[in-house]
Amino acid sequence: MSAEHAHQPPGVEVITTLPEAAARIPAGAEARTIRVTLPPGDPGAPPHRHPGPLFGYVTQGEILFELEGQPPRVLKAGDALFEPGGDVIHYQGANNLPDAQSQLVVTMFAPPGTPVLTVVGAEELAERRHLRVAQP
């Protein structure tokens, strides 16, 4: 933990710091806070990308999370996540629990008026399959 976070008031805890995140925020971006609630076993959105970076936190349950170039991983309540947005494909954001709801809250930095996500078509997924990390 850095010195600047060492003396927080009671009840304040810095979970994760990403110093490189600011360089990825598009000029003129707005900040959007988004809550994603997934019913039990929900596969989440199909492969997609976001217009800007997002930083978030799993508030409930477990999320199966997979970004292009990274192996899939399970994020549990209390875990933080970062997604660079832009050209990177977000393959999975599924509820990893078959019998309970999962939820995450993210703050996205994106140009005003852009959609929260854009679904990636089958042709592009096929062209970029070499960038996806093989699943064990």
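Contact means heavy atoms within 4.5 Å. The model is predicted: local features need pLDDT of at least 70, side-chain atom pairs count only at pLDDT 80 or more, and totals for chains, interfaces and linings use all residues. Residues are numbered from 1 along each chain as its sequence is written, and side-chain values use heavy atoms, with hydrogens and water left out.

**Exercise 1. List the contacts of Ile63, leaving aside neighbours within four places in sequence.**

Solution.
- Start with the lower numbers: Ile63 is in contact with Leu38 and Val58, among others.
- Move past Ile63: the list goes on with Arg73, Val74, Leu75, Gly93, Ala94 and Asn96.
- Finish with Ser102, Gln103 and Leu104.

**Exercise 2. Describe the largest nonpolar core.**

Solution.
- Define the term. A nonpolar core is a set of buried Ala, Val, Leu, Ile, Met, Phe, Trp, Tyr and Cys residues joined through side-chain atoms within 4.5 Å. Buried means under 20% relative accessible area, exposed over 50%, partly exposed in between (1.4 Å probe, protein chains only).
- Count: the largest core has 13 residues.
- Pick out those with the most contacts inside it: Val58, Ile63, Phe65, Leu81, Leu104 and Val106.
- Find the suppliers. At least two residues each come from strand 1 (30–38), strand 3 (54–60), strand 4 (62–67) and strand 8. Strand 8 gives the most, with 4 residues. Helices (H or I, at least four residues) and strands (E, at least two) are DSSP runs, numbered from the N terminus.

**Exercise 3. Trace the salt bridges around Arg49.**

Solution.
- Define the term. A salt bridge is a side-chain nitrogen of Lys or Arg within 4 Å of a carboxyl oxygen of Asp or Glu. The whole structure has 8.
- Take Asp87: its salt bridge with Arg49 has the closest N and O atoms 3.4 Å apart. Arg49 lies in strand 2 (residues 48–49), and Asp87 in the loop between strand 6 (80–83) and strand 7 (90–95), 38 residues apart.
- Take Glu124: here the closest N and O atoms are 2.8 Å from each other. Glu124 is in helix 1 (residues 122–127), 75 residues apart from Arg49.
- Add Arg128, which meets Glu124 in a salt bridge (3.9 Å, N to O).
- Join them: shared partners link Arg49, Glu68, Asp87, Glu124 and Arg128 into one network.

**Exercise 4. Sort four of these residues: buried or partly exposed?**

Solution.
- Arg49 is buried because its relative accessible area is 16%.
- Arg128, at 14%, is buried too.
- Asp87 counts as partly exposed, at 47%.
- Glu124 is partly exposed, at 24%.
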